[in-house]
Structure formats: C-alpha cells, structure tokens
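Please open the model in a viewer and keep the sequence panel beside it. The tour below proceeds by selection, and each stop states what is to be found there.

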Amino acid sequence: MNAIKLSFSLCLLLLATDLRAELFEATRMSASRTYNALITSAPGKTLFVEKTQAEIEVVGEASNEIIAETTVEISDIDPKVKDEFFEKLRFVLEPYRDGFRLRLDLPEETLRYKSFTGLQSLLREWFGAEFRRDISSSISLHLRVPSQQNLHIENAYGDVKVRAVQGELRLENNSGEMLIENCGGLLNLNNNYAAVTVRDFAGAVNLSNGSGAVLVSNITGDAKIESSYKSVNFENIGGALTIEAESSEVLGKHVRGDCAISTSYKFAEVADIGGRLTLNAPSSTVTVSNVRKNVLIESNYKPIRVDSVGGALTIRGESSPVEARVIAQEADIITSYHSVRVEQVGGSLRLDGNSCEVTVNDVKKDAAILASYKDIRVSKVGGNLDIDGNSSNVFVREVGGNLDILTSYKAIEVEQVGGSLKVNGESSSVTARNVRGDIDVTNSHKYVIVQGSSGSLYVRGDNSPIEVSRIAKLPAGSRIDLLTSYKAVVLTLPASAEVRGSLYSQYGAIRSDFPVILEEQDKQNARLEVGSGDIALRVETSGDIVLRKE
C-alpha cells in the first residue's frame, strides 16, 4: 500500500513539474541563421538541389561560380535546443555526378524530443510513448549561378523562381508557386496545387501542373502543358503547342505551329494559330478564330463559334449550337438540336444537323445539308446543293448548279437556280422562280407555283393545284408535263411558243387562249398544236385546265 501511495505521489509531482514547464512555455523563442557556400562551375555541368522545403530563387549571372545562400529561421523552440540545432545543421555544396549537389540537412529528428515537458520525457523513457513536438522552420534559398547552367531542383511547400538561366532545367515542386522568366534551353517542370508562370523562354517547354493555374508566354520552341481544374493561359508560342487539361479553362493566342488542345466542362478560347488546330472539349464552350490551316473541333452541349479558317473545318458537336464563318476550304459539320449558321465557305459544305435550324450563306462549291423539323435557309451556293430536310421549311436563293430538295409537310421556296431543280415534297407547298435548267417536282395536297423557268418542266402532284407562268425560255426539244388530281392547272405560255400536246380533265373544264381541238366524243380531252410543235405538252387533272397566252 505504501508503494502505491509513493507512486501516486511521484506522478502528482511529475504532473506538477509538467504544468510548471507549460507555464514557462512563453520562454520558447525564434531564431535565424544564414549560411553561404561557393563552388566553381563549368559549361554542361548540372546543379542538383535535393528535396528541399524552401522558398527558392535562382538567378543566372555572367560568372563561372555557383554562390549559394540560405537563411534558416526556426520558431517555437526551447532556447537550450537552438544552438545545438544550428550547430548540427548541414549546408553543403559539393561535386556530385556530372556536376554539383546542394544539400541542406536539418537536425529536426534528433532534436525534437529535447523540447518535451517533464512528464512527456519520463513517459517516453519508461513506456516508449511517442510524444512528438516538431520544430517549426522556414527556409529561403538564394542561388546565383552561371547563365549557362543545367539545373535539377526538387522542392516542396515553397515558391520557386528561376531567372536568366540557359540550360537543361528540370524543376520539381509541390504546393508552391513557380516562376520561370527570361530563361532558355529545355524546361521540364512538374508542380501541384499552385500557379506556374513561364515567360520569355528560348527553347522547348514541358510542363505539368495538377490543380494549379498555368500561364505560358513568349516561348520560342514547342510547348506541352498538362493541367487540371485550373485555368491555362498561353500567348506567343514559337513552335507547336499541346495542352492536355481536365476541367480547365483554356485561353490563348498566337501559336506559330500546330495546336492540339483537350479539356472539359469549362471553355476554350483560341486565336491566331499558324498551323493546324485540334480541339477536343466535351461540355465546353468553344471559340476559335484566325487559324491558318485545318481545324478539327469535338464538343457537345455548349456553343461552338469559329471565325476565319485558312484550311478545312471539321466540327463534331452533339447538341451544340454552331456558328462558323470565313472557311477557306471545305467544311464538315455535325451537330443536333440547336441552330447552325455557316457563312463564307471557300470549298464544299457538308452539314448534318438533326432537329437543327440551319442558315447557310455563300458556299463557293457544292453543299449537302441533312436536317429536320426546323427551318433551312440557304443562299449563294456556287455549285450543286442537296437538301434532305424531314418536316423542314426550306428556303433557297441563288444556287449556281443543280438543286435537289427532299422534305415533307412544310413549305419549299426556291429562287435563282443556275442548273436543274428536283423537289420531292410530300404535303409540301412548292414555289420555284427563275430556274435555268429542268424542273422536276413531286408533291401532294399543296400548291406548286413555277415562274421564270427556262427548261423542261415536270410536275407530279397528288391533289395539288399547279400554276406555271412567266416562262423565260422554252428550248427546242423540251417538254412540259403537269399532272395532278382534283385541282386546277393554270399554264401561261409565251405567245410565240411552238407547242404540241394534249390537255385532259376528267371532271373539269378546259379553257384556252390558244386554239385547241376537242375530241368529238370526249369533251374533257383536247389537242393543241401551235407552230412547228417543237415543245411537247401534257396536262392532266381531275379539275379545271386553264391555258393562257402572254
């Protein structure tokens, strides 16, 4: 029993001692010391800075010496430990491999237990209890190196700045900002969780920065950037540029070579690319301008805008609004459910826009458009135009070549076609004006109006009124076939027309400004022969037939 009382009393005494020590905690202090080192370097040598946790600044100078200075500041340390800490600290600049090594060894592991209070020390001694009290330190490292100097730096939890150094630069950091300025050679840089800036670099740049912003500008060589979750900005890249980013905003301009960018869920805005541009940006708003060569864009669900492409344009956009203008060569666009506007295409155009409203203006060569349910408006196509629009209104003006339209249940309006016109429009009204080539129309239940035709004319309408007037030209050997049911056919021919053919109405009347010959036993059947009869004519309907002269 007495032994137990003695042990308990001893513990109380030790606890009191520990509490007393805590009361004197205010006596703990901060201190700093500066260390210097120097060594002579030579071209082609590498300076290794190993696994520091410091604020680092490296400056290139016109010298052949490496001059290192570090300041180590410690805080929250027992005064009796301070001197021993600085005495045991090792700051070494020494030859190493193909160059030199800068090593900073801190004696924290050997000294951290000397700051324990009494009870903690005894408990550690008796029972091996691991009460740790880390020594708090901050380190700044300043290096002056020859301007031609290779660097290999490994650092964490501090900023790194490198200025005016030419060579092979391998820089690794974690959770600290990095600035590389007025340097050159080859840069390989890795960082995380903090911003990286590289500007005015004469050479190639390879950069990886996870969860940190990136700014790269004025690079004379190629640049490759990997990043995530933060913005990537670039300007004035003298070679090719590759960006592989995840969920990052990408914004930049002025790349002399090819440019390949991937990102997601943010926006990509790119301008002034001297080579080709490839941009893969799912769920990202895309804006592209002034690309000298070909452009390939893949995206979805967000707008895509392209302005001024010197080569061909390819867009693969699912559920993306698209605007594209001033494309020097061909354009190939796929999207859905949103509007598409295309202007000034120097080559051909292929457009696939499911459920898209389509507006196209000024295509120098052929155009093919596949769309549905929304309006299709096309003007100024230099070559042939092919439109497949399911349940779409179709409005076309100024086509240099042939025009082929397929749609249903909506209106078709065509004006100024240099070649032939072919229309298949189920339950679609058709209006065609000033077509130089042959016209071939098939429709039902809606009217067909043709004005200013210059070739053969074929209309097959089911329950469709037909009206043809203002014929500009009837070439020798051409023919006019107008066939429908239950509705009237009104045909106006030039007074000078030389026509031969037949008029047949099953139930309606036949009225003609030209002399016709009625069959004796069939008043609904008449023959027409004017002049040499070079133009073949056939009109058939269940309704009235009106033949006018102008």
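A cavity, in the sense used here, is a set of grid points where a 1.4 Å probe fits but cannot get out, and its volume is the space filled by probe spheres set on those points. The coordinates come from a predicted model.

**The whole chain**

Begin with the entire chain, coloured by secondary structure. The chain contains 4 helices and 49 strands. Of its 550 residues, 47% count as buried. Among contacts between residues at least 6 apart in sequence, 26% join residues at least 24 apart.

**The enclosed space**

How many cavities of 30 Å³ or more are there? The count comes to 1. The largest cavity holds about 40 Å³ of space. To display its wall, select Thr52, Ala54, Thr70, Phe91, Leu102, Arg103, Leu104, Ile139 and Leu141. By residue class, this lining comprises 6 nonpolar, 2 polar and 1 charged.

Next, colour strand 6 (99–105) and strand 7 (136–146), each of which supplies at least two residues of the cavity lining. Which strand gives the most to this lining? Strand 6 does, with 3 residues.

**The open pocket**

Now turn to the largest pocket, whose volume is about 270 Å³. It is lined by 12 residues, and the closest to its centre are Lys51, Thr52, Gln53, Leu106 and Ile139. Strand 2 (46–52), strand 6 and strand 7 are the elements that give two or more residues to the pocket lining. The pocket lining divides into 3 nonpolar, 4 polar and 5 charged residues.

Two residues of this selection deserve a second look. Thr52 and Ile139 belong to the lining of the cavity, and both are also listed among the residues closest to the centre of the pocket.

**Thr263**

Select Thr263, in the loop between strand 18 (259–262) and strand 19 (267–273). Is Thr263 buried or exposed? Its relative accessible area is 3%, so Thr263 is buried, the cut-off being under 20%.

Show the surroundings of this residue. Leaving out residues up to four places away in sequence, Thr263 touches Ala245, Ser247, Ser248, Val250, Ala268, Asn280, Ala281, Pro282 and Ser284. One of these, Ser248, offers its backbone oxygen, which the side chain of Thr263 reaches at 2.6 Å. For Asn280, draw a distance between C-alpha atoms: it lies 17 residues from Thr263 along the chain, and the separation is 6.5 Å.

**Three parallel strands**

Move on to strand 32 (residues 385–390), strand 34 (residues 403–408) and strand 36 (residues 421–426). Strands 32 and 34 run parallel and are joined by 5 bridges. Within this pairing, select Leu385, which stands opposite Leu403 in strand 34. Strand 34 also runs parallel to strand 36, to which 6 bridges join it. Here, select Asp404 together with its bridge partner in strand 36, Lys422.

**Two residues with positive phi**

Select Tyr409, located in the loop between strand 34 and strand 35 (412–417). Its phi is positive, about 65 degrees, although Tyr409 is not a glycine. With a relative accessible area of 49%, Tyr409 is partly exposed.

Then select Ser427, in the loop between strand 36 and strand 37 (430–435). Ser427 is another residue other than glycine with a positive phi, in this case near 55 degrees. Its relative accessibility is 13%, and Ser427 therefore counts as buried.

**Ser485**

The final stop is Ser485, in the loop between strand 42 (479–483) and strand 43 (489–493). At 15% relative accessibility, Ser485 counts as buried. Which residues are in contact with Ser485, leaving aside its neighbours within four places in sequence? They are Gly461, Asp462, Asn463, Ser464, Thr541 and Ser542. With Asp462, the contact includes a polar one between the two side chains, at 3.4 Å.

Key
Residues are numbered from 1 along each chain as its sequence is written. This is a predicted model: local features need pLDDT of at least 70, side-chain atom pairs count only at pLDDT 80 or more; totals for chains, interfaces and linings use all residues. Side-chain values use heavy atoms; hydrogens and water are left out. On a 1 Å grid over the protein atoms alone, a cavity is a set of points where a 1.4 Å probe fits but cannot get out, and a pocket is an open set with protein on both sides within 12 Å along at least five of seven lines; lining residues have an atom within 4 Å of a point. Ala, Val, Leu, Ile, Met, Phe, Trp, Tyr, Cys and Pro count as nonpolar, Asp, Glu, Lys and Arg as charged, and the others, Gly among them, as polar. Buried means under 20% relative accessible area, exposed over 50%, partly exposed in between (1.4 Å probe, protein chains only). Contact means heavy atoms within 4.5 Å. A polar contact is a pair of N or O atoms within 3.5 Å; within protein, one must be able to donate a hydrogen and the other to accept it, and residues adjacent in sequence count only if both atoms are side-chain atoms. Two strands pair if DSSP finds at least two bridges between them.
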